[in-house]
Amino acid sequence: MVEVTVTPQSSLADRPVQVQVRGLSPSQLVTLRASLTDEQGECFQSRAFFHADSAGKVDPGCHAALGGSYAGVWPMGLFWFLQPDTLFRRLVKRDVAGSPFLVRLEVFDGLRLVTGPQDKPLASCEAERWYVGPGVQRVPIREGRVRGALFLPP
């Protein structure tokens with residue numbers, strides 16, 4: 001049974017996570033895809049192609065991506081190389097304290113440049129990427145022409 005995991009499942013957006021796929025056949029070619037929908041409803045995606053090792057595992061921190069959104073060993077590559085489906089859009093988090101970005105990770109059999117609704121992943125999971133830690137207080141700042149926010153730790 002194929003399984004994809006993100007450790008930790010919930011983390012701050014600037015903290016590294018470990019992505020692992022287990023249960024594949026040795027040397028199996030797979031596509032790992034990350035996707036998220038931002039607060040405006042815009043979809044961002046990245047993908048990377050991997051050969052499973054002799055134990056049937058894929059770890060982007062140890063195994064080199066053969067292509068896709070990036071190539072080589074990039075532990076956070078699926079998160080760093082997220083691209084918008086619509087050109088000239090930027091990934092911006094407006095509600096930094098209220099909710100995380102939910103990044104969906106999916107593993108597909110073979111090389112998948114494009115995936116449609118008919119394509120079923122072998123496994124999937126979600127990772128929460130928070131922009132403000134627990135207990136941090138956000139204080140809006142408005143003084144003259146200065147606008148900003150002060151983030152106070154607990």
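A residue counts as buried when its relative accessible area is under 20%. By that cut-off Glu106, at 7% relative accessibility, is buried, and we will come back to this residue after a look at the whole chain. Keep in mind as you read that the model is predicted.

Let us start with the overall layout. The chain has one helix and eleven strands. Read from the N terminus, the elements follow the order β-β-β-β-β-β-α-β-β-β-β-β. Taken along the principal axes, the C-alpha atoms fill a box of roughly 60 × 35 × 25 Å. There are 154 residues in the chain, and 38% of them count as buried. The accessible surface comes to about 9100 Å², with 54% of this area belonging to carbon and sulfur atoms. If you take the contacts in the chain with a separation of 6 or more, 53% of them come from residues 24 or more positions apart.

Now back to Glu106 and its charged partners. Side chains of opposite charge can pair when their charged atoms come close. In this model the count is six salt bridges. One of them joins the side chains of Glu106 and Arg33, with an N to O distance of 2.3 Å. Glu106 belongs to strand E8 and Arg33 to strand E4 (residues 29–37), so this salt bridge ties together parts of the chain that are 73 residues apart in sequence. Both Glu106 and Arg33 are buried. Glu106 also forms a salt bridge with Arg104, where the closest N and O atoms are 3.3 Å apart. Arg104 has 31% relative accessibility and therefore counts as partly exposed. Together, Arg33, Arg104 and Glu106 are linked in a network of salt bridges.

Another salt bridge to look for is the one between Glu42 and Arg89, whose closest N and O atoms are 3.8 Å apart. Glu42 sits in the loop between E4 and strand E5 (43–51), while Arg89 sits in the loop between strand E7 (83–84) and E8, so the pair ties together parts 47 residues apart in sequence. Glu42 is buried, at 11% relative accessibility, whereas Arg89 is partly exposed, with a relative accessible area of 47%.

Next, turn to the aromatic rings. Searching the whole structure gives four aromatic pairs. Among them, Trp74 and Trp80 form an edge-to-face pair, at 6.0 Å centre to centre and with 85° between the planes. Trp74 is partly exposed at 34% relative accessibility, and Trp80 is exposed at 54%. These two tryptophans belong to a cluster in which ring pairs link Tyr70, Trp74, Trp80 and Phe81.

Why does the pair of Phe101 and Tyr131 count as edge-to-face? Planes over 60 degrees apart earn that label, and here the planes stand at 80°, with the ring centres 5.8 Å apart, so the pair is edge-to-face. It links distant parts of the chain: Phe101 is in strand E8 (residues 101–109), Tyr131 is in the loop between strand E9 (123–130) and strand E10 (137–143), and the two are 30 residues apart. Phe101 is buried, at 4% relative accessibility, whereas Tyr131 is partly exposed, with a relative accessible area of 40%.

Finally, charges and rings also meet. The charged end of Lys93 sits over the ring of Phe101, 5.0 Å from the ring centre. Arg129 lies over the face of Phe79, at 5.1 Å from the centre of that ring.

Note on methods: Residues are numbered from 1 along each chain as its sequence is written. This is a predicted model: local features need pLDDT of at least 70, side-chain atom pairs count only at pLDDT 80 or more; totals for chains, interfaces and linings use all residues. Side-chain values use heavy atoms; hydrogens and water are left out. Rings of Phe, Tyr and Trp (its six-membered ring) pair if their centres lie within 6.5 Å; planes under 30 degrees apart count as stacked, over 60 as edge-to-face and the rest as tilted. Buried means under 20% relative accessible area, exposed over 50%, partly exposed in between (1.4 Å probe, protein chains only). Helices (H or I, at least four residues) and strands (E, at least two) are DSSP runs, numbered from the N terminus. A charge sits over a ring if NZ of Lys or CZ of Arg is within 6 Å of the ring centre and within 35 degrees of the ring normal. A salt bridge is a side-chain nitrogen of Lys or Arg within 4 Å of a carboxyl oxygen of Asp or Glu. Contact means heavy atoms within 4.5 Å. Accessible areas come from the Shrake-Rupley method with a 1.4 Å probe; for residues, only the protein chains shown count as cover.
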